[in-house]
Amino acid sequence: MVGESGCGKSVTANAIMQLLPDLSRIEQGSISYWGKDGLVALDKLKKNGTEMRKLRGEQIAMIFQDPMTALNPVFSVGFQLNEMLKNHFPMSKREATKKSIALLADMGVPAPDQRVFEYPHQYSGGMRQRAMIAMAMACEPKVLIADEPTTALDVTIQAQIFELMNTLKVDKDMAMMLITHDMGVVAEMADDVAVMYMGLIVESGTALQVLGDPTHPYTSALLESIPILGKGKNQKLEPIKGTTPDPYNRPVGCQFAPRCTYAMQRCHEEMPPEHFTEEGHMVRCFKYEELKHGK
Ligand SMILES: Nc1ncnc2c1ncn2[C@@H]1O[C@H](COP(=O)(O)OP(=O)(O)OP(=O)(O)O)[C@@H](O)[C@H]1O
Ligand SMILES: [Mg+2]
């Protein structure tokens, strides 16, 4: 899932995990999860009910955007891992610590038998991220939601973390929902892509469809605003003009219209519906015919 800052990626992830704030509600749509016991409508479960608490962490786990705020600073990393393990499986403290050490070792944390007793502030940024992944992986979930798991890290560590997540995905037969605003990461990691703008999915399809044949002007604009390595210093980058609209004062019609070079009168009047340009490739734009297959 890609889209610029503030478009609602984290809100979507939190909705799946039923972690939205108390005052919020899901107004439209549904969230279905096909689990061990068949189909579960997640949005119908009580936020803090037994069923949801059982699913959360055990079946669907999440890596949060900011490990410094997601880890508790006053408990050791081991304590936090143990708590997660003991909550879902009956085990003694000793067994839990042993498993926590093994998990940290799996994630490539050096000297895990000592590190397990250390506090989050004693970890480096990359290690904190690994600790977060260890926590998410503790119960071997079937679905992992990773909310920008590497935003705060440098590129080498980022590559290591993604490699680690890819291995886990294959080894543990786990599905992953990756949230990012980095198109390079999408190309590298994703099978399917959804592009979000102002809380709506404006284009979706396989990575090949969306990146190879971007049809929505916003997707194209996102792709044109990234520098390409090796193309030299003189490459022309096209920033997306304007800014995202104020969510309390949304434009009528297509949300991207005020920033779109292809906008016509109709775009300012009604929201384009979902069009399928081919099987699996959805786009919300009136001009999809014209914009398809390169402009
Ligand atoms: N569907 C929604 N309904 C109501 N408010 C929303 C919705 N989606 C997003 N918001 C508001 O927008 C804010 C930003 O959304 P969110 O944190 O999901 O952005 P993001 O895409 O994760 O951005 P970033 O890339 O910066 O993490 C939220 O805190 C919330 O106030
Ligand atoms: Mg976010």
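A residue counts as buried when its relative accessible area is under 20%, and as exposed when that area is over 50%. The exercises below use this cut-off on a predicted model.

**Exercise 1. Helix α11**

Task: Find how many residues of α11 are buried, and state what they pack against.

Solution:
- Step 1. Locate the helix. α11 covers residues 217–224.
- Step 2. Count. Six of its eight residues are buried, so by the cut-off each of the six has a relative accessible area under 20%. The helix is mostly covered.
- Step 3. Name them. The buried residues are P217, Y218, T219, S220, A221 and L222.
- Step 4. Find the neighbours. These buried residues pack against two strands, β6 (192–197) and β7 (200–206). They also pack against the helices α9 (183–189), α10 (207–212) and α12 (288–291).

**Exercise 2. T219 in that helix**

Task: Decide whether T219 is buried or exposed, then list what it touches.

Solution:
- Step 1. Read the accessibility. T219 has a relative accessible area of 0%. That is under 20%, so T219 is buried.
- Step 2. List the contacts. Leaving out residues up to four places away in sequence, T219 touches M183, V195, E203, V210 and P214.
- Step 3. Look for a polar contact. The side chains of T219 and E203 are joined by one of 2.8 Å.

**Exercise 3. The shell of ligand 1**

Task: Describe the residues around ligand 1 and the side chains that approach its oxygen atoms.

Solution:
- Step 1. List the shell. It consists of E4, S5, G6, C7, G8, K9, S10, V11, Q65 and E148.
- Step 2. Sort by class. Two are nonpolar, five polar and three charged.
- Step 3. Check the distances from an oxygen atom of ligand 1 to a side-chain N or O atom. For S5 the distance is 2.5 Å. For K9 it is 2.9 Å. For S10 it is 2.7 Å.
- Step 4. Assess the cover. Ligand 1 taken alone exposes 630 Å², and the protein buries 51% of that.

**Exercise 4. The magnesium ion**

Task: Which protein atoms are donors to the magnesium ion (ligand 2), and where do their residues sit?

Solution:
- Step 1. Identify the donors. They are OG of S10 and OE1 of Q65, 2.0 to 2.4 Å from the ion.
- Step 2. Place them. S10 is in helix α1 (residues 9–16), while Q65 is in the loop between β3 (60–63) and α3 (67–70). The pair is 55 residues apart and links distant parts of the chain.
- Step 3. Classify exposure. S10 has 22% relative accessibility, so it is partly exposed. Q65, at 36%, is also partly exposed.
- Step 4. Connect to Exercise 3. S10 and Q65 also belong to the shell around ligand 1.

Technical notes
Residues are numbered from 1 along each chain as its sequence is written. Chains are lettered from A and ligands numbered from 1 in the order in which they are written. This is a predicted model: local features need pLDDT of at least 70, side-chain atom pairs count only at pLDDT 80 or more; totals for chains, interfaces and linings use all residues. Side-chain values use heavy atoms; hydrogens and water are left out. A residue is near a molecule or strand if one of its heavy atoms lies within 4 Å of it. A polar contact is a pair of N or O atoms within 3.5 Å; within protein, one must be able to donate a hydrogen and the other to accept it, and residues adjacent in sequence count only if both atoms are side-chain atoms. Accessible areas come from the Shrake-Rupley method with a 1.4 Å probe; for residues, only the protein chains shown count as cover. Ala, Val, Leu, Ile, Met, Phe, Trp, Tyr, Cys and Pro count as nonpolar, Asp, Glu, Lys and Arg as charged, and the others, Gly among them, as polar. Helices (H or I, at least four residues) and strands (E, at least two) are DSSP runs, numbered from the N terminus. Buried means under 20% relative accessible area, exposed over 50%, partly exposed in between (1.4 Å probe, protein chains only). Contact means heavy atoms within 4.5 Å. Donors are N, O and S atoms within 2.8 Å of the metal (3.2 Å for Na, K and Ca); water is not among the atoms, so sites may look incomplete.
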